[in-house]
Amino acid sequence: MKKLVFYSVIVFVLLLAACSEKPEPAANDDTNTTEAKETNQITLAIGEEPEQGFDPTTGWGRYGSPLFQSTLLSENADLEVTLDLATDYQVSTDGKKWTVMLRDDAVFSDGEPLTADDVVFTYETAKQAQSVVDVANLEKVEKNSEHEVSFYLKEPQSTFIHTLQTLGIVPEHAYDSNYAEKPVGSGPYKIVEWRKGEQLIVERNPHYYGEQPAFEQLTFLFMGEDQAIAAAKAGEVDVLSVPITSADQSIDGMNRISLESVDNRGVMLPYPEPTTNEEEEKVGNAVTSSLAIRQAMNYAVNREEMVDGVLNGEGTVAFSSVDGLPWGSDKAVIEDNNQAKAEQILKDAGWERGDDHIFEKDGQRASLPLYYPSGDQMRQSLSMVFADQMNDFGIEITTKSSSWNEIETQMHANPVMMGWGSHNPIELYSLYHSSMQGIDYYNANYYHNEKVDSYLDQALNAKTENEANEYWKLAQWDGSTGLSAVGDAPWVWLVNLNHIYYINDHIEMDDQKVQPHGHGWPITDFITEWQWQD
C-alpha cells in the first residue's frame with residue numbers, strides 16, 4: 001500500500017480514543033471556584049489532547065482555530081472567507097500565483113514581529129513535513145517585501161484558499177524540534193503549561209493584534225468521559241463535550257447545545273473485482289464489485305431509523321460526505337428505505353433470492369463482513385443496525401470488531417464503517433480520485449471512474465470556488481455517471497452526527513460553523529468572541 005507520511009483523520013481519532021483512561025488532573029484552586037470563574041477563567045473538558053502537539057505544519061488546527069497561531073485567512077460561521085494576518089490577497093489570471101499582503105502589526109507571543117520570512121518558512125516547513133497539510137501542489141513561496149509574499153502553484157488549485165485559512169504561521173526564529181510542545185505563535189492565546197495526560201493551561205497573548213478575548217485563562221482538562229461528566233456536575237468544568245450516547249445528562253448551571261455537523265459515518269464498499277495491488281495486498285470484493293449490490297444497499301437502508309434509534313435524533317441522514325456544504329449536490333439525495341426498488345435493481349442484474357432469503361448470483365452468495373473499530377460504541381451500534389437491516393432485506397452482513405491495525409489489512413477487500421467530514425473539498429478528491437487509491441485511508445476501496453476523475457481534476461484546478469463547486473457537484477452526479485448513490489455508489493453514507501456540548505449558562509457564544517469531523521476542539525473556533533454574562 002502506498003504510504004504518505006501523515007496520520008489520517010481516523011488514526012487521529014483512534015489515538016485519542018486510546019487515551020480514554022487518564023489520571024485525575026491536579027487540583028487548580030485558581031480555576032475551580034466560582035470566584036475564579038468570575039475573574040475571566042474558564043475550564044474546558046472537550047476531549048483528549050492532540051498527542052502530536054500543536055504544530056500547524058503537521059496538522060494542528062486544521063479542524064478549527066489553531067488558537068496559539070494565526071492564519072493568513074479565516075472563515076466565518078457561514079464558511080465565508082475573511083482576512084486574518086492578510087490585509088488582502090490576489091490570484092493571477094492563470095490561477096497559479098497567489099499574492100498575499102500581510103498586516104504590519106502582527107507580533108509573536110515572545111514579542112518578535114511576524115514578517116514575510118515567517119510565512120515563507122512556515123509553508124516550506126509544511127511542504128518538507130509531507131503531512132496532512134495540503135501543500136503538495138506548492139512549487140515555491142517567495143518574499144516580495146517584509147509584508148508581502150507570493151505563492152507559486154504547479155497547477156491552479158481552488159482548494160489552496162482553504163490551506164491559507166487553516167495553516168497557522170510559525171516563527172522562524174523560535175521553531176525547533178520541541179515546537180509542537182512549546183509553540184510560539186501570534187494567535188490570541190499562548191501556552192503556559194502542558195502537563196500531558198492531565199491539563200493544558202493557556203493565557204491571553206498580550207501581543208495579539210486582534211481584540212483581546214474576554215477570558216484571560218483557559219484550562220483544558222484531559223480526562224475520561226465519566227470523569228469529565230462528574231467534574232462538570234461538581235461545578236469544575238464550564239465547557240463539556242459528550243458523545244451522543246451521553247447526551248441525556250442533567251447538569252445544574254449548564255446549558256446543553258447540539259451542533260449540526262458533517263461528521264459523517266458510512267460503509268465503504270470495495271469497488272473492483274478481487275485482485276491484488278502492487279504490494280500484493282488483497283483488493284476488491286466479489287460481492288461489492290457488483291454495481292447492483294452497492295446501489296441496492298443504498299436504497300434498502302433506512303437512514304432515518306438510524307438517526308432516531310442509534311443517534312436518539314441527534315443527527316441527520318447522510319447521502320454523501322459533503323451534505324449541505326457549498327460543494328454538495330442535491331442530486332446525490334435518494335429515496336431510501338425502498339426495498340422494492342432495491343430488489344428490482346438486483347433482479348435486473350441477475351441476482352435472485354436463495355432458499356434462505358439471501359440473494360445470490362452465479363454461485364456467489366450476497367454475504368459480507370463489515371469491520372468496525374473496537375472500542376467505538378457509535379460505529380458498533382451503526383454497524384449492527386446496518387447489518388440487521390441488510391439481513392432482513394436479503395444481503396447477509398456479519399459485523400466484525402477489530403483494531404485499526406487489523407482493519408488496515410482488510411479495508412481494501414472488505415466493507416468498513418468509516419467516518420470523515422471537512423470544511424475543505426479536497427477531502428472529496430482524496431476519497432474518490434483514482435490517484436489516491438491505497439494512500440493511507442484515502443480511497444481505500446480503490447474506486448475508479450475516469451469521468452469522475454476528470455471532474456475532480458477540473459474542480460481542483462478551477463480558478464474560482466464557484467467554478468470548482470460546479471465540478472465537485474458534477475463528480476457526484478452529472479446525469480449519467482457519478483460517485484454518489486445514484487451513480488457508482490462506492491459508499492453507503494448513513495448519518496451525520498450532531499456534536500453535543502454542555503456550556504456554563506453564564507457563557508454567551510455566537511453562532512458556530514457546521515462542525516467538522518473531530519468532536520471537541522472545533523468548539524474553540526470562535527472562543528475569542530465568547531463572553532461571560534452575570
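**Entry 1: strand E23**

I began with strand E23, where Val492 is the bridge partner of Val267. The model I am reading is a predicted one. I then traced the pairing to which this bridge belongs: strand E13 (residues 264-268) and E23 run antiparallel, with five bridges between them. I next looked up strand E16 (residues 315-317), which also pairs with E23 in the antiparallel sense, over three bridges. Here I noted Val317, whose bridge partner in E23 is Val495.

I asked whether E23 (residues 491-497) is enclosed or open. I found seven of its seven residues buried, so I recorded the strand as largely enclosed by the rest of the structure.

**Entry 2: helix H6 and its cover**

I turned to helix H6 (residues 291-300). Nine of the ten residues of H6 are buried, so this helix too is entered as largely enclosed by the rest of the structure. I listed the buried positions, among them Arg294, Gln295 and Asn298, together with Ile293, Met297 and Tyr299. What covers them? I found that the cover includes helix H7 (303-309), helix H8 (339-348), strand E20 (367-373), H9 and the strand of my previous entry, E23.

**Entry 3: H6 against H9**

I looked at one of these covering elements, helix H9 (residues 377-393), in greater detail. Two packed helices are described by the angle between their axes and the distance between the axes. For H6 and H9, I read an angle of about 110 degrees and axes 10 Å apart. Angles of 65 to 115 degrees count as roughly perpendicular, and H6 is therefore roughly perpendicular to H9. I noted the residues that make the contact: Ala296, Met297 and Ala300 from H6, and Phe386, Met390 and Phe393 from H9. By class, I counted six nonpolar residues in this contact, with no polar and no charged ones. Ala296, Met297 and Ala300 also stand in my list of buried residues of H6.

**Entry 4: His357**

I followed Phe393 to His357, since the two are in contact. His357 sits in the loop between strand E17 (352-353) and strand E18 (359-361). Is this residue buried or exposed? With a relative accessible area of 31%, I recorded His357 as partly exposed. Leaving aside neighbours within four places in sequence, I found His357 in contact with Asn391, Asp392, Phe393 and Gly394. I also noted that a polar atom of the His357 side chain lies 3.5 Å from the backbone oxygen of Phe393. I checked Ile395 as well: His357 and Ile395 are 38 residues apart in sequence, and their C-alpha atoms are 8.6 Å apart in space.

**Entry 5: the sheet of E4 to E7**

I moved to an open sheet of four strands, which I recorded in the order E4-E5-E7-E6 with antiparallel pairing. Its edges are strand E4 (86-91) and strand E6 (138-145), each pairing on one side only. I read an average turn of 20 degrees between neighbouring strands of this sheet, direction ignored. E4 pairs with strand E5 (residues 97-102) over five bridges, and I found Asp88 opposite Met101 in E5.

I then looked up what lies across these strands. Helix H3 (residues 116-129) lies across E5, E6 and strand E7 (148-153), and it runs at about 170 degrees to E6.

**Entry 6: Asn469**

I closed with Asn469 in helix H13 (residues 465-476). I read its relative accessibility as 12%; the cut-off for buried is under 20%, so Asn469 counts as buried. Not counting residues up to four places away in sequence, I found Asn469 touching Pro326 and Trp327.

How values were computed:
Residues numbered from 1 in each chain as written. Predicted model: local features only at pLDDT ≥ 70, side-chain atom pairs only at ≥ 80, totals over all residues. Heavy atoms only, no water. Pairing = 2+ DSSP bridges. Helix = DSSP H or I, 4+ residues; strand = E, 2+ residues; numbered from the N terminus. Axes fitted to C-alpha atoms, helices over the stretch in contact; angles between N-to-C directions. Contact = heavy atoms within 4.5 Å. Parallel < 35°, antiparallel > 145°, perpendicular 65-115°, else oblique. Nonpolar A, V, L, I, M, F, W, Y, C, P; charged D, E, K, R; others polar. Buried < 20%, exposed > 50% of the residue type's maximum accessible area, 1.4 Å probe, protein only. Polar contact = N/O pair within 3.5 Å; in protein donor to acceptor, adjacent residues only side chain to side chain.
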